[in-house]
Number of protein chains: 2
Amino acid sequence: MTVISVTPAAAALAEVPEGSVGYVSPEYLTFDEPLALASGQVLPAYTLAVETYGTLNAERSNAVLICHALNASHHVAGLDASQPDSVGWWDNMVGPGKAVDTDRFFVIGVNNLGSCFGSTGPVSINPETGEPWGASFPLLTVEDWVRAQARVADHFGIQKLAAVMGGSLGGMQALSWSITCPERVGHCIVIASTARLSAQNIAFNEVARRAIITDPDFRGGHYYADGVVPTHGLSVARMVGHITYQSDEVMAEKFGRAQRAPGPDGRFHYNYDVEFEVESYLRYQGEKFSRYFDANTYLLLTRALDYFDPARDHGGDLARALAAARARFLLVSFSTDWRFAPEHSREIVRALLKNQREVTYAEIDAPHGHDAFLLEDPRYHAVVQGYFDRIAHRLGLAARSRTAGVLA
Amino acid sequence: MTVISVTPAAAALAEVPEGSVGYVSPEYLTFDEPLALASGQVLPAYTLAVETYGTLNAERSNAVLICHALNASHHVAGLDASQPDSVGWWDNMVGPGKAVDTDRFFVIGVNNLGSCFGSTGPVSINPETGEPWGASFPLLTVEDWVRAQARVADHFGIQKLAAVMGGSLGGMQALSWSITCPERVGHCIVIASTARLSAQNIAFNEVARRAIITDPDFRGGHYYADGVVPTHGLSVARMVGHITYQSDEVMAEKFGRAQRAPGPDGRFHYNYDVEFEVESYLRYQGEKFSRYFDANTYLLLTRALDYFDPARDHGGDLARALAAARARFLLVSFSTDWRFAPEHSREIVRALLKNQREVTYAEIDAPHGHDAFLLEDPRYHAVVQGYFDRIAHRLGLAARSRTAGVLA
């Protein structure tokens with residue numbers, strides 16, 4: 001185990017907003033013990049980028065692990081000290097007085113193994129070759145991530161996490177924690193997620209992968225040496241993703257059929273440049289993504305999504321797959337989420353109830369589709385806050401001292 | 001006007017199935033009068049590929065024009081004499097004794113202007129340059145198609161069509177006929193269609209276009225001379241399309257999470273080759289499409305979809321846009337169609353009722369998503385058959401002499 005801490009850039013530290021955990025910097029934890037993967041391959045060593053917020057109590061009982069979705073990272077909350085305008089991806093959820101209250105809980109954010117924000121992945125140097133792993137980086141599963149993350153808990157001396165929590169792919173990791181390490185999870189919080197992708201879900205992932213792999217600049221995944229990036233393929237992949245994250249309703253409300261820069265008298269331009277606002281938005285999102293996200297990582301993450309199916313080793317019976325779980329559960333879904341519609345969550349709830357597990361389930365009537373799990377919604381955040389109040393009560397943690405964000 | 005008829009290949013004419021119109025061949029109608037387009041451009045002359053089935057009666061009152069959707073053609077019914085295994089795309093709907101009964105009606109199929117199956121389009125030679133039009137072919141609108149098709153009716157000496165009918169983009173053309181040429185349409189049959197695309201619809205079209213345009217083999221739309229085709233882009237575009245044509249439910253039923261060629265003990269292969277059946281299906285559809293469909297045509301057709309919005313010139317008020325219509329209407333939608341969900345049809349129905357139009361509306365509870373309009377469903381076909389029986393009765397045509405297909 002090696003720990004490298006990066007000193008924040010002292011410059012440009014603006015005022016920290018109310019309810020923020022403040023300026024944060026990642027630690028880089030390196031684990032030298034080999035990790036056996038579901039694929040049969042073995043990763044000899046790996047590094048994980050980690051951020052923490054709040055204070056681990058003496059009993060080490062107040063830790064909350066937050067798992068991220070496709071394109072996020074360990075930077076869950078606060079302001080990145082090296083890029084002061086970079087707010088954590090779940091900052092509205094995590095902070096002093098927020099739903100996941102860092103006055104009471106010690107929160108851990110970890111960049112997934114195989115991702116591209118500081119953890120070992122396809123962009124890392126393969127020590128055996130001295131070159132980036134690229135396409136030869138081993139494929140990973142959600143279970144591999146859980147085993148890799150368990151060593152982060154070990155590092156902090158945490159035997160049992162108060163909670164493991166995540167949305168979308170992060171929720172799949174939380175669910176897998178409850179099966180893979182049942183004794184180490186007090187509460188499992190699964191938001192806008194699923195116990196297995198549908199054929200339609202896999203189909204959209206496959207479109208994204210084909211766009212990337214057939215981009216000539218992908219070069220079989222070994223594009224780093226040539227100084228190129230499959231920008232076009234990544235961009236198309238992200239555009240497809242974005243459509244599936246939003247509801248038809250919210251796209252109608254945000255963009256409708258508004259024209260971007262109409263000609264005289266509102267005329268169309270009759271070409272294939274941006275004509276409608278929604279096209280401009282999608283192109284912008286695609287291009288932005290292609291500048292910061294690694295193509296091999298995108299392939300790896302979407303494939304891990306496809307493979308996740310804990311019921312598979314139990315004849316397709318999710319209740320049997322969850323029989324080992326010992327945690328209490330909170331599940332949240334959103335009415336207009338058509339990527340992982342509420343029925344995906346209800347299936348998990350039914351399987352848990354068959355096992356006499358204690359389950360809280362909230363189906364939030366929200367217009368924002370799958371993206372709702374990342375947005376501020378008072379009913380949604382109140383559900384999570386109430387649940388964490390119960391966790392704190394069970395653990396004998398101090399009562400909430402303040403309330404911030406939408407909950408204030 | 002020039003008419004070229006192609007003689008069918010006499011060889012390999014197999015037995016014609018019951019209810020089929022038999023072996024058919026297209027005519028190629030050339031119109032030398034310039035066509036003024038919505039874009040402001042003028043097409044000096046154009047050819048349309050046309051097929052007809054049944055016999056035009058002496059009063060010329062029994063003609064039905066069938067408009068096609070994105071990737072179809074004039075070959076609506078029967079067997080193409082030059083490719084005997086090529087069955088028309090709506091053969092289950094059109095034929096002797098079928099819902100659109102060619103014993104009583106004279107049915108016209110026409111390949112859209114700008115398409116790639118014999119009508120003038122980007123693959124045609126621009127007489128001014130002696131080269132294929134390619135990307136310089138003018139963009140078209142649904143209204144342009146209607147005006148181009150009206151000359152087909154003129155050619156046959158048909159003043160008023162008994163019906164104009166289509167599904168999806170074809171339904172948009174039928175709707176536009178009722179506004180653009182109100183006195184020439186007796187009945188307007190709009191199936192699984194819409195009066196305007198939603199932001200989400202446009203977004204999916206834009207993904208498809210970006211995949212094509214950013215394929216290096218697209219070469220700005222002038223790929224013909226180089227003997228290349230943007231195969232990868234077209235393939236991704238088609239894959240996206242296919243997902244939107246099917247419901248989540250029917251994909252779950254057809255493919256689920258079935259593996260294509262599982263390893264020993266059902267193991268995954270842990271790579272990006274085909275792992276799931278649904279991936280194999282989508283890749284096959286994409287590759288097949290990229291071999292027969294022209295990329296510039298795909299761009300043009302999706303853009304025409306985006307632009308269609310008859311309410312636009314009436315302050316967004318569809319009822320005002322439809323005030324000119326004189327036809328009777330049949331609208332059909334399908335419960336699981338999420339591309340053009342039933343609400344799109346209901347909006348048209350409400351606007352027609354505001355105008356005191358006679359409207360029949362059927363919402364079919366079918367599992368197949370948008371594709372349902374092409375499939376055999378006894379309830380759906382019975383609705384269409386019943387409607388055509390009423391048309392025949394109004395026109396004083398002979399009673400149905402036989403019943404074929406799912407209706408038998």
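**Chain A against chain B, and a lysine in chain B**

Author: In this predicted model, the side chains of Arg303(B) and Glu279(A) come together in a salt bridge, with 2.7 Å from N to O.

Reader: What makes the meeting of Arg303(B) and Glu279(A) a salt bridge?

Author: The N to O distance for Arg303(B) and Glu279(A) is 2.7 Å, and a side-chain nitrogen of Arg has to lie within 4 Å of a carboxyl oxygen of Glu, so the pair meets the rule. Between chain A and chain B the count is eight salt bridges, and 30 residue pairs are in polar contact across the interface.

Reader: Which helix of chain A gives the most to the side that touches chain B?

Author: Helix 3 of chain A does, with 11 residues, and the residues on that side of chain A divide into 30 nonpolar, 13 polar and 15 charged.

Reader: How much area do chain A and chain B bury between them?

Author: They bury about 5,000 Å², of which 63% is on carbon and sulfur atoms; Arg257(A), Tyr270(A) and Tyr272(A) supply 17% of the area that chain A buries against chain B, more than any other three residues.

Reader: Why does Lys98(B) count as buried?

Author: Its relative accessibility is 7%, and buried means under 20%, so Lys98(B) falls on the buried side of the cut-off. Lys98(B) is found in the loop between strand 9 (94–95) and strand 10 (100–101) of chain B, and its side chain reaches the backbone oxygen of Gly19(B) at 3.1 Å. Leaving aside neighbours within four places in sequence, the residues in contact with Lys98(B) include Asp91(B), Gln385(B) and Leu407(B).

Notes
Residues are numbered from 1 along each chain as its sequence is written. Chains are lettered from A and ligands numbered from 1 in the order in which they are written. This is a predicted model: local features need pLDDT of at least 70, side-chain atom pairs count only at pLDDT 80 or more; totals for chains, interfaces and linings use all residues. Side-chain values use heavy atoms; hydrogens and water are left out. Buried area is the accessible area (1.4 Å probe) that two parts lose on being put together, summed over both. A polar contact is a pair of N or O atoms within 3.5 Å; within protein, one must be able to donate a hydrogen and the other to accept it, and residues adjacent in sequence count only if both atoms are side-chain atoms. Helices (H or I, at least four residues) and strands (E, at least two) are DSSP runs, numbered from the N terminus. Ala, Val, Leu, Ile, Met, Phe, Trp, Tyr, Cys and Pro count as nonpolar, Asp, Glu, Lys and Arg as charged, and the others, Gly among them, as polar. Buried means under 20% relative accessible area, exposed over 50%, partly exposed in between (1.4 Å probe, protein chains only). Contact means heavy atoms within 4.5 Å.
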